[in-house]
Amino acid sequence: MILATTTVANVDQFLKVFGETGAEKRAMHGSKGSTVFRDPSEENRVWAIFEWDEQGWTEFVSDPEVPPILKDAGHLAKPEAALLLGTYRA
């Protein structure tokens, strides 16, 4: 599982590209799906939880075809993965 965040120019445009072109490219790198949240205190910050391993994430962010997809989605910054500190029951 990967938790990532970024800021975008327009959330609707981001969601459109994220759900289409971005989803196709993520699947090519092994992503099994994602859930997207809008930050409650920063209107243009989004968070995504991916069903993905770190190797797939690393391959995705290194793929030379990804920057144009991010640009089309309106990213204002490169997506950043959060550091996993632990997994707990209940």
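1. Let's start at the pairing of Ser34: its bridge partner in strand 3 is Phe50. Please keep in mind as you look that this is a predicted model. Ser34 opens strand 2, which covers residues 34-38, and Phe50 closes strand 3, which covers residues 45-50. Strands 2 and 3 run antiparallel and are joined by 5 bridges.

2. Now follow strand 2 to its other end. Arg38 stands opposite Val46 in strand 3. How many residues make up the hairpin connection between strand 2 and strand 3? The hairpin joins the two strands through 6 residues.

3. Strand 3 has another partner too. Strand 1, residues 2-7, pairs with strand 3 in the antiparallel sense, over 6 bridges. A handy pair to find on screen is Ala4 with Ala48, its bridge partner in strand 3. Strand 3 therefore pairs with both strand 1 and strand 2, given that two strands pair if there are at least two bridges between them.

4. Stepping back to the whole chain, you will find 4 helices and 4 strands. In which order do they come along the sequence? The pattern reads β-α-α-β-β-α-α-β. The radius of gyration is 13 Å, close to the 12 Å that the globule rule gives for 90 residues, so the chain is as compact as a globular protein of that length.

5. For a sense of dimensions, the C-alpha trace spans about 40 × 30 × 20 Å along its principal axes. If you are curious about links between distant parts of the sequence, take the contacts between residues at least 6 apart: 68% of these join residues at least 24 apart.

6. What share of the residues is buried? Of the 90 residues, 36% count as buried. The accessible surface of the chain comes to about 6,200 Å², and carbon and sulfur atoms account for 55% of that area.

7. Last, a word on charge. The chain carries 9 positive and 14 negative charges. Where do these two groups lie relative to each other, on average? Their mean positions are 1 Å apart.

Terms used: Residues numbered from 1 in each chain as written. Predicted model: local features only at pLDDT ≥ 70, side-chain atom pairs only at ≥ 80, totals over all residues. Heavy atoms only, no water. Rg over C-alpha atoms; globule rule 2.2 N^0.38 Å. Buried < 20%, exposed > 50% of the residue type's maximum accessible area, 1.4 Å probe, protein only. Contact = heavy atoms within 4.5 Å. Areas by Shrake-Rupley, 256 points an atom, 1.4 Å probe, with all protein chains shown as cover. Lys, Arg positive; Asp, Glu negative; His and termini not counted. Charge placed at Lys NZ, Arg CZ, Asp CG, Glu CD.
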